[in-house]
Amino acid sequence: MKKKYLLLFFVLFSIVSNAQITGKIVDKDKNSLPFVNVYLHDTYNGTTTNDEGNYSIHIKKAGNYTIVFQYLGFKTIKKEVEIIKLPYKLDITLLEDALSLNEVEINSKENPANKIIRNAIKNRKKNKLKMANFTADFYSRGIFRVKNAPEKIMGQDLGDLGGGLDTTRTGVLYLSETISKITKSTTKFKEKIIASKVSGDDSGFSFNQASDVNFSFYDNTVDLGDKIISPIATNAFNYYRYNLVHSFYEEAHLVNKIKISPKKTTDNAFNGFIYIVEDSWQIYGLEVAISGKQIQQPVIDSLKLKQNYTFSSKNKLWSLFSQNIDFKAGMFGFNMNGKFTAVYSDYNFQPNFRQKTFTKEVLSFEDNANKKDSLFWKKLRPVPLTLEEVKDYKLKDSIKVIRKSKKYLDSIDLRQNKFKITNLLFGYNYSNTYKKWNLNVGSPILNSMFNTVQGWHTNMNITFSKQYVENPLTDTGRKQKLWVNTIIDYGFSDEQLRLSGSIKYRFNHINRPQIVISGGRKITQFNEENPISNLVNAVSSLFFERNYAKFYDKTFADIAYSNEVVNGIRLNTSITYEDRNPLFNTTNYVLLNRDAVIYSSNNPLAENDYTNGAIEEHQIYRFKIGARINFGQEYISYPDNKQTLYNFKNPMLVLNYTKGFSASDSKYNYDLVQAHLYQHFDIANKGSFAYNFTVGKFLSTDELSFADYQHFNGNQTHVKLNQSYTGYYYLLPYYDLSTDKAFASLNAQHHFNGYLLRKIPLLNKLQWKTVIGGKTLLTTDNKPYSEVSIGFDNIGFGKFRFLRVDYVKSYFNGAYNDGFVFGIGF
């Protein structure tokens, strides 16, 4: 009990000693009111109350002030105070608005709420433009809590999850704060983080970024993982019903509280309340909620969003002042809830933007942003900490030094490095966390596979990695990383041991220059992209006698280098020596014998030829040079790291040139040029569209080895275990259209993200998502190959929705073919 009182005293002391105006806000029944706007009248200087109703405002000097207390659903109070001495304490009791109209009669002509919303929609673009350009200060705090967390998931030990859990494994999982300056134009958004604090981690960076919670209801949609229709979107009446609850005056402004509800429970639309100011038709506030089912995010149970706006007589507009996001989520017995609180202040709606105000750097950090001490945070934190948050900071700050010590890290490693029977299935990992190195041995069960060339084979993967830090004591400065990998592959049927390995070294984490040296002996598919996974090929062979994967033997040595020379342009080059040999089937072993089917040969050019290989033994050198260009690439700059934002709303272009030279027979020498264009972008709330276009041509070829042909990612198994749906053909035989001449490939897909099926009764309860696609392949000397498809994603039950099924129809050389393809999707 003494500890609890001491903790309470610490909270109150930290508020009083660093904030000049403090207090607590309650309702008439003395219940604390969280998320109340508290600000100096006609300014953007203010705060919001925490979960316990406490607030604090920083002012520069004593004097006369008018303080506004604003809370949705309650009467706004303006309090004129004369502050002679600081700190100044001011507690407030708010009363619910008594002007409720209860139920508004709707006449036959016009629902009054509909009239208000029509005006808000009519003025939406104009009001959005008023707040299109500004600078502001931003504060955010995020907290994740877990209740009765499991000790293991799928056999993997979860540990103590940061040390903030009690004996029931309930408590704070994550707590962080951010103070930053944001700059926004009509199309650009930039943020510089001044201070970042993560509970228990003095070298970490908070991920509460202003850009991630930049939700504007003046846009037609709000992006919450799915595009949610705004209540004042152009097409809002297709999704919402409106009811005027009551109206009230905020000074001279008449504010209308309108209840919003989706027309269909499966629509991607909010329910709750929106407050619209009469005449200006601007947003005064929002209290809305949506379920995980509506946004088709099965992990999320519910999400609530609240926004408060304040009026500036100088700018003649209501601007976003505070925002609160509450969520509940869970899966695999792991149940979480959390909250993100944000406060905007010190707006400037007449910024003087220059040509270099906005660059591709959308987020950066001030020096030592994550090293600010507790005095800094007590002075500048606009929203007081709750008892729960103070306790978590105090607990994790007290143990973080211990948790970074060699003794503690070694003790954790000792426990986690113990061999368990499950390691046979998931692999074994040995770590020395203090010295930043790790050894991983792949699963002897899952790595062991079957093919008709080797029979059962080990394919054992062993990887060592180590990170080097410029300043080990502070874990700061330039970071480098080393990987050493080896693969031990023994075939029990062909009785061949093949060893290969690689050494990779990354020089820094900014532009990520890296060198890779590899070599050894291994078998490889003729298509280097390995379109048939080892698992799919093993199942197809053992159970259906369909050995689709075709291999050749390669002894090789390779050295490669890559580097981002400027933002968005990464160059890569390599030179390789290869000694290639044909391979043949050595086993006819099956688990289910089908009398009418036998294994095909390992020759993809002649499946019934068991004596001749697809290639002859030969040697060749290959030189490659290429560039990957991400147009408009944006990035985040950490002090010792650059994080590229791959959103693909702009195209990505890949250019490659390959030269085969000094072959043992000169007829195998060749030149190949290729270009690849990819883009993936959203189309409002109608889903997302992606295309993948590739074109290439062989130059100076005589008689090319089949190993160097251009092969295309086909599929004959009707199973798709990766998510690269625009990089594959659904029904194309793997090697039928391989070419040594010119080629072009175009794959396109539109994912409706539930847009279509939400509108169909009964089907909308399935929560499936419709996908359509089209693919075409052009090769010299062949007629075009094409496919069209329609499929359903998000198939499953409850929160387990990972399946996808596509129906595909193909056309080639005057013949049609069709079939179903089963895959995964997230």
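User: How far apart are the mean positions of the positive and negative charges of the protein, and how many charges of each sign are there?

Analyst: The protein has 104 positive and 78 negative charges, and their mean positions are 6 Å apart. Here Lys and Arg count as positive and Asp and Glu as negative, while His and the chain ends are not counted, and each charge is placed at NZ of Lys, CZ of Arg, CG of Asp or CD of Glu. This is a predicted model, in which local features need pLDDT of at least 70 and side-chain atom pairs count only at pLDDT 80 or more, whereas totals for chains, interfaces and linings use all residues. Residues are numbered from 1 along each chain as its sequence is written, and side-chain values use heavy atoms, with hydrogens and water left out.

User: Why does the radius of gyration of the protein agree with that of a compact globule?

Analyst: The rule for a globule is 2.2 Å times the number of residues to the power 0.38, with the radius taken over C-alpha atoms. For 826 residues this gives a value near 28 Å, and the protein has 31 Å, which agrees. Along the principal axes, the C-alpha atoms fill a box of roughly 100 × 70 × 55 Å. The protein contains eight helices and 45 strands, which are DSSP runs (H or I of at least four residues for helices, E of at least two for strands) numbered from the N terminus.

User: What makes Phe353 and Phe358 an edge-to-face pair?

Analyst: Rings of Phe, Tyr and Trp (its six-membered ring) pair if their centres lie within 6.5 Å, and planes under 30 degrees apart count as stacked, over 60 as edge-to-face and the rest as tilted. The search of the whole structure finds 54 such aromatic pairs. Phe353 and Phe358 have 5.1 Å from centre to centre and 75° between their planes, and the pair is therefore edge-to-face.

User: Why is the pair of Tyr468 and Tyr505 called tilted?

Analyst: The planes of Tyr468 and Tyr505 stand at 45°, with the ring centres 6.5 Å apart, so this pair is tilted. Tyr468 belongs to strand E28 (residues 460-471) and Tyr505 to strand E30 (residues 496-506), so the pair ties together parts that are 37 residues apart in sequence.

User: Is Phe358 buried or exposed, and how do you know?

Analyst: Buried means under 20% relative accessible area, exposed means over 50%, and partly exposed lies in between (1.4 Å probe, protein chains only). Phe358 has 19% and is therefore buried, whereas Phe353, at 27%, is partly exposed. Tyr505 has 21% relative accessibility and so counts as partly exposed, and Tyr468, with 34%, is partly exposed as well. Over the whole protein, buried residues make up 49% of the 826 residues.

User: What is Thr341 in contact with, leaving aside its neighbours within four places in sequence?

Analyst: Contact means heavy atoms within 4.5 Å, and the partners of Thr341 include Phe35, Thr48, Tyr139 and Gln323. Thr341 lies in strand E22 (residues 334-348), and its 12% relative accessibility makes it buried. Ala342 lies in strand E22 too, and at 3% relative accessibility Ala342 counts as buried. Among the contacts of Ala342, with neighbours within four places left aside, are Phe138, Ser140 and Phe321.

User: What do the buried residues of H8 pack against?

Analyst: They pack against strand E26 (449-451), strand E27 (455-457) and strand E40 (719-720). The buried residues of helix H8 (residues 534-544) are Val536, Asn537, Ala538, Ser540, Ser541 and Leu542.

User: What is the phi of Glu545, and where is Glu545 placed?

Analyst: Glu545 has a phi near 55°, a positive value in a residue other than glycine, and it sits in the loop between H8 and strand E32 (551-566). With a relative accessible area of 5%, Glu545 is buried. Asn813 also has a positive phi of about 55° although it is not a glycine, and it lies in the loop between strand E44 (800-812) and strand E45 (815-824). Asn813 has 52% relative accessibility and therefore counts as exposed.

User: How do you know that the peptide bond from Leu86 to Pro87 is cis?

Analyst: The omega of this bond is near 0°, and the bond is cis. Pro87 has its place in the loop between strand E6 (77-83) and strand E7 (88-89).
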